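Colleague: I'm new to this one, so please pick a single loop and take me slowly through it and whatever it leads to. Keep it informal, and explain the terms as you go.

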Amino acid sequence: MKLSDLFKRTSGHGLRHNSPDLRAEPTALAEALLQACAHLLTHRLDPDESIRWVFDALLRSAPHVRLAWSWAGPPDVQQIEPRNVCGPARSYLDGVALERSPLTESGPAFRLLKRDQPVSHNITADSPYGPWRRAYQVHGLRSVLGLPLRADSTDRRGMVVFYADREDYFQQLGMGLFDSLATLLSAVVVQADQQSQLAREAQQDPLTGLLNRRSINGQQQQLGKDRERSASVLLLDLDHFKAINDELGHLAGDEVLKTVARRLLDGVRSADRVARWGGEEFLVWLPSTPREGARLVAESLRERIGSTPIALPSGEVRVTVSIGVAEMLPDEHLEPAVARADEVLYEAKRSGRNRVRLWQGPVTELAPLTLGTGALQRANRVPTGQHEDPHVAIIGKQLDGQITSWNLGAERLFGYTEQEMLGRNIALLLPADRLHEEQHIIDRLQRGDPIEALHTTRLHRDGHPVDVTVSVTPLRGPGGTIVGAAKTVRIRTPSPQALR
């Protein structure tokens, strides 16, 4: 709409200002509307701020208008609570909420919900509605005008309502002015609704309606602060989902994802966050939930998802899920906790799927280790010559299991390069029946006990077991606190898989 079109009805057409003191008001109102347009075009305000700014401009230019308010919501609402109340008579609306009744439905507010036309009438001392009598007697209000705010959606309506201290004021001044005002505010509301919709779409996964990864990543600071109790994260992955897509088609796969999303939402609290993490992976953030409580939630979700088949056009399909659980530090960002949950999710997959695995390592806030191979050799008393031995792996790790050093011997023994393993968790090398060993090692390290010649089994990259002897020495920080460990791993019975 052109600006000239917006105000073509304000140049005198339809004006019936019979009283001399009203003659200047149309011009003042038109100027106020032009200034409002300029202000709204050059300032980024939210809808409420925009409406209040326009109300203030109108009240300054039209002294007979004593009160203005707005509202927006569903048309079948049972109660209307005025918003953005401005004007000298605003105390009239203190504590006032308009309840839908046969009497109030004859008033301007509820009539505007049924029609797209302005509603205007005078206020009298003998009005059947008590608040209107008070408006007349206490606040000197004599006429009211309600204008609809037009929205893009049929399930949302809006309105602005003005009160004046003269009878027939709005008819005398000219309805075109106020209709133009409603057009301006409608544009503000529609634009705000569109921006809100775009913001919601940017934060939502379009298939499931859940939060998306971008949304969760953007909320990490909020998720990680001001927690009085520990929070936990669950990372879930649908088992054999590729087979569903391959055998039943992608539409069936989409329906499975949507059903799983609904079951996750139904199985958590309103304060919890559920997101589609990517592909067939989902993330659940549980505030004020230590890891044991999170494990119970995970088991409940696993049962909820897998216990009831999902109905598809081609028939029913039963879906199971593997879940990794990790507890967060009080001020920790999300990524480290998700990484820990991802490690144990991998263990759940490797140990048979359709199960929950809980990160058991100590949740201790640590500075990243920067020890090089030489420092690790000295800490573990490894002769320099052994560093080049392809059967001797030297591995540095933090107490939470994160690998910080990985030598050539480790690469040859386990098949992973240094680039692949730095930052990963040591649990990647542990068979499912050996996960308890790492907790035992950690417990001994925290007591300061070295571990020598532990005979055990680890996993090569290709999944084959490797018989090894492990020696572990605690590494201490500047203050003497144990911050990690140096591991020397020697092969016991070389195999072709381990020596590749």
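Modeller: S288 sits in the loop that runs from β11 (281-286) to α12; helices here are DSSP runs of H or I with at least four residues, strands are runs of E with at least two, and both are numbered from the N terminus. Keep in mind that this is a predicted model, where local features need pLDDT of at least 70 and side-chain atom pairs count only at pLDDT 80 or more, while totals for chains, interfaces and linings use all residues. Residues are numbered from 1 along each chain as its sequence is written, and side-chain values use heavy atoms, with hydrogens and water left out.

What is odd about the phi of S288? The angle is positive, about 50°, although S288 is not a glycine. Most residues other than glycine have a negative phi. S288 counts as partly exposed, at 37% relative accessibility; buried means under 20% relative accessible area, exposed means over 50%, and partly exposed is in between, using a 1.4 Å probe and protein chains only.

Step back from the loop into β11. Here 6 of the 6 residues are buried, so β11 is largely enclosed by the rest of the structure. Look at the two faces in turn: E281, L283 and W285 are buried on one side, and F282, V284 and L286 are buried on the other, so that β11 is covered on both faces.

Who are the partners of β11? Strands of a sheet pair through backbone hydrogen bonds, either parallel or antiparallel. For pairing, DSSP has to find at least two bridges between two strands. Strand β10 (residues 273-278) pairs with β11 in the antiparallel sense over 5 bridges, and V274 has V284 of β11 as its bridge partner. The hairpin of β10 and β11 has 2 residues between the strands, and G279 in that hairpin has a positive phi near 60°. Strand β9 (residues 232-238) also runs antiparallel to β11, joined to it by 6 bridges. One of the facing pairs there is D237 with E281 of β11.

Zoom out and you get the whole sheet: 6 strands, open, in the order β8-β10-β11-β9-β14-β15, with mixed pairing. Its edge strands, β8 (211-212) and β15 (356-358), each pair on one side only. The parallel sense turns up between strand β14 (residues 321-327) and β15, which share 3 bridges. In β15, V356 is the bridge partner of I323.

Now go the other way out of the loop, into α12. Two packed helices are described by the angle between their axes and the distance between the axes. Helix α12 (residues 291-307) packs with helix α11 (residues 250-266) at about 140°, the axes being 10 Å apart. Those axes are lines fitted to C-alpha atoms, for helices over the stretch in contact, and angles run from 0 to 180 degrees between N-to-C directions. That makes α11 oblique to α12, since under 35 degrees counts as roughly parallel, over 145 as roughly antiparallel, 65 to 115 as roughly perpendicular and the rest as oblique. The crossing of α11 and α12 is right-handed: the near helix is turned clockwise from the far one by less than a right angle, whereas anticlockwise would be left-handed.

It helps to hold this up against another residue with a positive phi. N84 isn't a glycine either, and its phi is near 50°. But N84 lies in strand β3, and N84 is buried, at a relative accessible area of 10%.

The strand that holds N84 belongs to an open sheet of 5 strands, ordered β3-β1-β7-β6-β5 and paired antiparallel. There the edge strands are β3 (83-86) and β5 (119-122), each with pairing on one side only. From one strand to the next, the twist averages 10°. In β7 (residues 157-164), 7 of the 8 residues are buried, so β7 is largely enclosed by the rest of the structure. Strand β1 (residues 65-73) pairs with β7 over 8 bridges in the antiparallel sense, with L67 opposite Y163 and A68 opposite F162. Strand β6 (residues 143-149) runs antiparallel to β7 and is joined to it by 7 bridges; G146 stands opposite V161 of β7.
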